[in-house]
Amino acid sequence: MKLTQGCFSFLPDLTDDQITKQVQYCLTNGWAVNIEFTDDPHPRNTYWEMWGLPMFDLQDAAGVMMELAECRRVYGDRYIRLSGFDSSHGWESVRISFIVNRPPQEAEFELVRQEVSGRAIRYTTVRRQLAHAPT
């Protein structure tokens, strides 16, 4: 099951050339770019691990792509995402975020329905345990 978080999540995975163009777009707009990774992509897990510090004041996407290549080398078995942060007054928020690396075996989630008092219904997202192939 393909995890869908961030921009472009319903499109095929971006190539490195397409990622470079998106990073350059962020830099051209003066946004800081950062790289994050996780092995827990649950929708409520907003605190991914940062790869280094956010990259402010870069002019060329090549610097970000070098850091991405190193992050992929170290954490290639995890989810990796890039984010562009706009620090301008009035925004001061992430303007773009997308996954650039996925593990070979993607996490799977399911929606669990629970009926509670007063005929109310609660929904919870839980991570499915992956079945491992026998060796």
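**Reasoning through a predicted model**

Guide: Arginine 128 lies in strand β6, which covers residues 121-128, and the model in which we look at this residue is a predicted one.

Visitor: Why is arginine 128 called partly exposed?

Guide: The relative accessible area of arginine 128 is 37%; buried would require under 20% and exposed would require over 50%, so with a value between these two limits arginine 128 is partly exposed.

Visitor: Which residues is arginine 128 in contact with, leaving aside its neighbours within four places in sequence?

Guide: They are Glu108, Phe109 and Glu110, and a contact here requires heavy atoms within 4.5 Å. For glutamate 110 there is also a separation between C-alpha atoms, which lie 6.8 Å from those of arginine 128 although the two residues are 18 residues apart along the chain.

Visitor: What does the protein look like as a whole, in terms of helices and strands?

Guide: There are 2 helices and 6 strands, and from the N terminus on they run α-β-β-α-β-β-β-β. The C-alpha atoms fill a box of roughly 55 × 50 × 25 Å along the principal axes, and of the 135 residues in the protein 33% are buried. Among the contacts with a separation of 6 or more, 54% join residues 24 or more positions apart.

Visitor: Which residues have the most contacts inside the largest nonpolar core?

Guide: Ile19, Ile35, Leu68 and Leu82 have the most contacts inside this core, which holds 21 residues. At least two residues each come from α1 (16-28), β1 (32-38), β2 (49-55), α2 (61-75), β3 (79-86) and β4 (93-101), and the largest share, 5 residues, is that of α2. Apart from this core lies another, of 5 residues, including Trp48, Ile99, Ala107 and Phe109. As a general matter, nonpolar side chains tend to be buried together in soluble globular proteins.

Visitor: Which residues does isoleucine 35 touch beyond four places away in sequence?

Guide: Among them are Met50, Trp51, Val64, Leu68, Cys71, Ile80 and Leu82, and charged neighbours such as Glu49 and Arg81 also belong to the list.

Visitor: How do you know what length to expect of α1?

Guide: Helix α1 has 13 residues, and at 1.5 Å a residue the expected span is 18 Å; from its first C-alpha to its last α1 reaches 18 Å, which is close to that expectation.

Visitor: What makes one face of α1 the one lined by its buried residues?

Guide: The buried residues of α1 are Ile19, Val23, Cys26 and Leu27. Seen down the axis of α1, these buried residues fall within an arc of 95 degrees, so they line one face of the helix. They pack against β1, α2, β3 and β4, whereas on the other side of α1 Lys21 and Thr28 are exposed. Just after α1, glycine 30 takes a positive phi of about 80 degrees.

Visitor: Why is cysteine 26 called buried, and how do you know whether it is in a disulfide?

Guide: Its relative accessibility is 3%, and because the limit for buried is under 20%, cysteine 26 counts as buried. The nearest cysteine sulfur, that of cysteine 7, is 8.8 Å away, and since a disulfide needs two cysteine sulfur atoms within 2.5 Å, cysteine 26 is in no disulfide. The structure holds 0 disulfides. Cysteine 7, for its part, has a relative accessible area of 31% and is therefore partly exposed.

Visitor: What is notable about the phi of aspartate 57 and that of arginine 119?

Guide: Aspartate 57 has a positive phi of about 60 degrees although it is not a glycine, and arginine 119, which is not a glycine either, has a positive phi of about 60 degrees. Aspartate 57 is found in the loop between β2 and α2, and arginine 119 in the loop between β5 (108-115) and β6.

Visitor: Are aspartate 57 and arginine 119 buried or exposed?

Guide: The relative accessible area is 75% for aspartate 57 and 83% for arginine 119; because exposed means over 50%, aspartate 57 is exposed, and arginine 119 is exposed by the same rule.

Visitor: Which feature does UniProt place at residues 4-103?

Guide: The UniProt record, an unreviewed entry, gives "domain: Ribulose bisphosphate carboxylase small subunit" for residues 4-103. In the model, the end C-alpha atoms of this span lie 14 Å apart, and the span is 28% helix and 31% strand.

Terms used:
Residues numbered from 1 in each chain as written. Predicted model: local features only at pLDDT ≥ 70, side-chain atom pairs only at ≥ 80, totals over all residues. Heavy atoms only, no water. Helix = DSSP H or I, 4+ residues; strand = E, 2+ residues; numbered from the N terminus. Buried < 20%, exposed > 50% of the residue type's maximum accessible area, 1.4 Å probe, protein only. Core = buried A, V, L, I, M, F, W, Y, C linked by side-chain atoms within 4.5 Å. Expected span 1.5 Å × (residues − 1). Arc of directions from axis to C-beta. UniProt positions renumbered as here; feature names shortened; annotations may be inferred.
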